[in-house]
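Ready for a few exercises at the desk instead of the bench? Have a look at the chain below, try each task yourself, and then follow the worked solution.

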Amino acid sequence: MNSTRKDFYLCKWYADIIDEETDDVTIIYLGELEWKFLKVNFTNILQFIQKQTLISRSTLLNYQSPIFDDDCFEINSNGISGEWKRKSECIFCEKLFENADGYILWECFIPVGLAQINVNNKINKGFGYVEKLTMTLKPWQVPIDILRWGRFLYENQYIIWIRWIGKEEKFVIFHDGIKYSDGIINDEMIEFGNYRLILLEKHILRNGLLSETIFDRFVWIKKFFPFEFLDINECKWETWSELYENNCLIRKGWSIHENVNFKSEIKNNYGKMFYGFLFTILIPLLLIFWSKQTEKYIFLLIPITNSVVSLLFNLFGIVLIIFAMLELWFKGDGLPMNAYPPSKLVVTGVYKIFSHPIYIGSSLICFGLSMYSESKSGFWFVSPLLTLSWISLVYGYENEDLKQRFRQEYTWKTLLNIPENVKMKCEYADIISIYCLVFLPWLIFYEILLFIGPPSYSISTYFEFEHNIPVIEWTELFYLFTYPYVLFLPLILQTKQQVRCFILDSLMNISIGIYLQFILPFVAPPKQFIPETVLGEMLLYERSFDGPGCAFPSFHVSWAFLSAYYYSWIYSKYYFIFYILSICISLSCITTGMHSILDVVGGFLLFLICIKRITVWIYIRNYFENLANSWSCYRIGQLRIINSSIYVFVSASIGGLIIFSLMGDISGVLLINLSSLFMAAVWGQYVERSSGLSRPFGYFGFIIGGLVGSLIVSWFYSIPLIRILSAYALASPWIQGVGRFRCIIHGCCHGRSTNQFLGILITNSQSRVCSLSELKNEYIHITQGYSILSNLIIGMLLWKLWYSNISLYVIISLYFILIGQSRFIEERFRGEIQTKVYCKLKIYQWLSILFILIGIFLSMISFDNDTVQLNFLCKYEYLIPSILFGFIATFALAIDFPESKKRFSRLCD
């Protein structure tokens, strides 16, 4: 500590009093400051009179040190005399921060006391407070953006709060000797335990930069301090406050509190200007340019080109954005900037309806302009990817950032939301949420699938014998009854728990059903018939709004049984009626000629998955937990073969076989694969900062090595670069997806702590979760499982598009963009302690953003001519090199020499 004191040292006494008769405030600062060769003592007196007049006096004369004994604090220096007698026996001492540069020590000697002070023969009496701050860390090196401090005193009780916001987070509340580490601290209220202190009527004591307040009279001192220190902004208030316990008012009185903004205002302004330019000018221009450059790759027409519809999209989007910005400006004291967020949480206006109205508005404008300009790429490519990007930002960063900055405040619910799992009577907003969050999205996505239509290589789901089943016209009654049967259900739900469960089940039904209908090339062409009844005419009319591609799985079946499940929950006595009705609807799918038996079975299985989603999740979770604790090895002398080797071998060999079959060049593929493996090892050494004995591998190193190898192979083997990159884009999701099973066993890429329902418990001491991150016996997120799921979704999508003859440039672009978006979200749930954080984002989140930019860039340029084709041709001659690379990858990633002292001999330390 002494070594740091030579560089910088600050000892500051703070004492205040609020007069019991006039409510005038007197604040006294006494202290000494040492910085380089400068050494000064200082005294600063603030008198706030009648809530409007501030008298500030400062001097650099030596002062007589305060006297403090067990119960009393006395000042008698520079024309000031005062005494504070402690009414509380508690003394607090907190080392708020310490690093190699110094420390910050906070000591509260009198949290509440009876005080009397004489300043220039004027005597004030009332409750007072005394603390001392000792710093050897320079103020401009404090790793925070905003400091909130305050105190509220009454009789022999008190509330003291300290809140740091920034790189270093701190939350401390002291109440009558009890310390709280969680709650809410903002400019409007202090909330902790069963207590809530409302800060009502604020009167500004002092507000301004340190250069304009504390150092205003001492211009020469400013020369010795850096700009970052002088540009710190301080705002101090005297505020009328009300204290509630369990929502009952128990005390009223005055608080003294302050905000200190450590961010440089000038730097902030430049940063805000750049941020505003980026999101209001540069990114919109980039989106326009992107859509124009990729227009040649998208051939699907726009479903709606009506100028009125596009105008409504744009108008609604603009209204959302403007009203949201106004709310943030006037009520949040800021603008919508992630890097410079508003200081207050806004939950009113459009934020009462949508949690992220600005993002929603931007997507609506993007779709609206695409419709107006008839940009196929803008509608089908740029706008969806923009929407996925802000969703990734929200779930990968913003939600977590809001929770950390506003803590319990962030539990607010919008009008459109998924209710809590409580058996309380549901509200109208809950019912509206079902129609807006479930039925409306389903209708939009279903109509989009109908517009896209089935692929040219579609497969009929009818069995041969089904062609002999006639169309029975009167069963149209049951088929048509599905719509009111499902749409009426939300109106009879009774509790928030029922609404919540129905929304979650329905969203799962929609997600799986829509994705399978889009990915799988199954169709069920409606059977031809000549109508003989009114119901037959109605059936034909209904068919004009439907199509053969949206058949497997049957939504008629899954919605019907899902509705029966919830009708039976409410009217349990008549459950058999509802299920019989659902069976009749399912049979009508066949007898009306609208669906095959396979469609109906698929719809029923989808229903079972939805209502058994918790059981399915528990089974998956338990499987991953068992796998994560299954680390074992086989020894052959000094050689150790870890049981994860089977997954490495399968991932590498099957991935290699896919790439060989797509590219058709054995030596070129082997060279690229070895380059990827080498760069992954280099990445692990320098980014993960392993010891020289271990050899971790990194995914981003694989990608860098693959790109370098692709360039080399394209140059020397005269293979079109687009063919190489697209082959790896199609194979990589499957390679990484299977490879994640290896990560689960080793414990790499693991998640952070979570609750018991979501998390797995790892106790195997060989897992990195226990040996490196020290998360043994803590429930953690299954982030490897999240990665497997995202790679499965992305892999199926890319193969679907490739089979649909989408341009290879789009395939490559989508791989980088979608992988970047999914990894950005995944990183939020990961808990590896060695991962570095820069500017609030993990290094891999920055790399994910870079992936997205690379994907955008690749879609806008042409490596070769557009006639390059990619064909899948699997040959027996590819088996041996695939197996060979599988063994090489297995040796690198799952086999080591644990007793050896040679470099790279171990997989982990």
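Helices (H or I, at least four residues) and strands (E, at least two) are DSSP runs, numbered from the N terminus. The model is a predicted one, where local features need pLDDT of at least 70, side-chain atom pairs count only at pLDDT 80 or more, and totals for chains, interfaces and linings use all residues. Residues are numbered from 1 along each chain as its sequence is written, and side-chain values use heavy atoms, with hydrogens and water left out.

**Exercise 1. Place Gln50 and describe its backbone.**

Step 1: Gln50 sits in the loop between strand 3 (38–49) and strand 4 (53–59).
Step 2: Its phi is positive, about 55°, although Gln50 is not a glycine.
Step 3: Relative accessible area is called buried under 20%, exposed over 50% and partly exposed in between (1.4 Å probe, protein chains only). Gln50 reaches 57%, so it counts as exposed.

**Exercise 2. Decide whether Asp24 is buried or exposed, and list its contacts beyond the sequence neighbours.**

Step 1: Find Asp24 in the loop between strand 1 (8–19) and strand 2 (25–35).
Step 2: Asp24 is buried, because its relative accessible area is 5%.
Step 3: A contact means heavy atoms within 4.5 Å. Leaving out neighbours within four places in sequence, Asp24 touches Ile17, Ile18, Asp19, Phe48, Ile49, Gln50 and Lys122. Gln50 from the previous exercise is thus on the list of contacts.

**Exercise 3. Analyse Asn247 in the manner of Gln50.**

Step 1: Asn247 lies in the loop between strand 18 (233–245) and strand 19 (248–261).
Step 2: Phi of Asn247 is near 70°, a positive value in a residue other than glycine.
Step 3: With 66% relative accessibility, Asn247 is exposed.

**Exercise 4. Classify the ring pair of Tyr457 and Tyr803.**

Step 1: Rings of Phe, Tyr and Trp (its six-membered ring) pair if their centres lie within 6.5 Å; planes under 30 degrees apart are stacked, over 60 edge-to-face, and the rest tilted. The count by this rule is 69 aromatic pairs.
Step 2: For Tyr457 and Tyr803 the centres are 5.8 Å apart and the planes stand at 50°, so this pair is tilted.
Step 3: The pair links distant parts of the chain, 346 residues apart: Tyr457 is in the loop between helix 8 (428–452) and strand 20 (459–460), and Tyr803 is in helix 21 (residues 783–803).
Step 4: Tyr457 is partly exposed at 26% relative accessible area, and Tyr803 is partly exposed at 47%.

**Exercise 5. What kind of pair do Tyr541 and Phe545 form?**

Step 1: Their centres are 5.1 Å apart, with 75° between the planes.
Step 2: The pair is therefore edge-to-face by the angle rule.
Step 3: Both Tyr541 and Phe545 are exposed.

**Exercise 6. Which residues does Val382 contact, and how is it covered?**

Step 1: Val382 belongs to helix 7 (residues 376–406).
Step 2: Its relative accessibility is 1%, so Val382 counts as buried.
Step 3: Apart from neighbours within four places in sequence, Val382 contacts Leu287, Trp290, Ser291, Cys366 and Ser377.
Step 4: Val382 and Ile288 are 94 residues apart in sequence, yet 8.8 Å apart in space, C-alpha to C-alpha.

**Exercise 7. Locate Pro553 and describe the peptide bond that leads to it.**

Step 1: Pro553 is in the loop between helix 11 (534–543) and helix 12 (555–570).
Step 2: The bond from Phe552 to Pro553 is cis, with omega near -5°.
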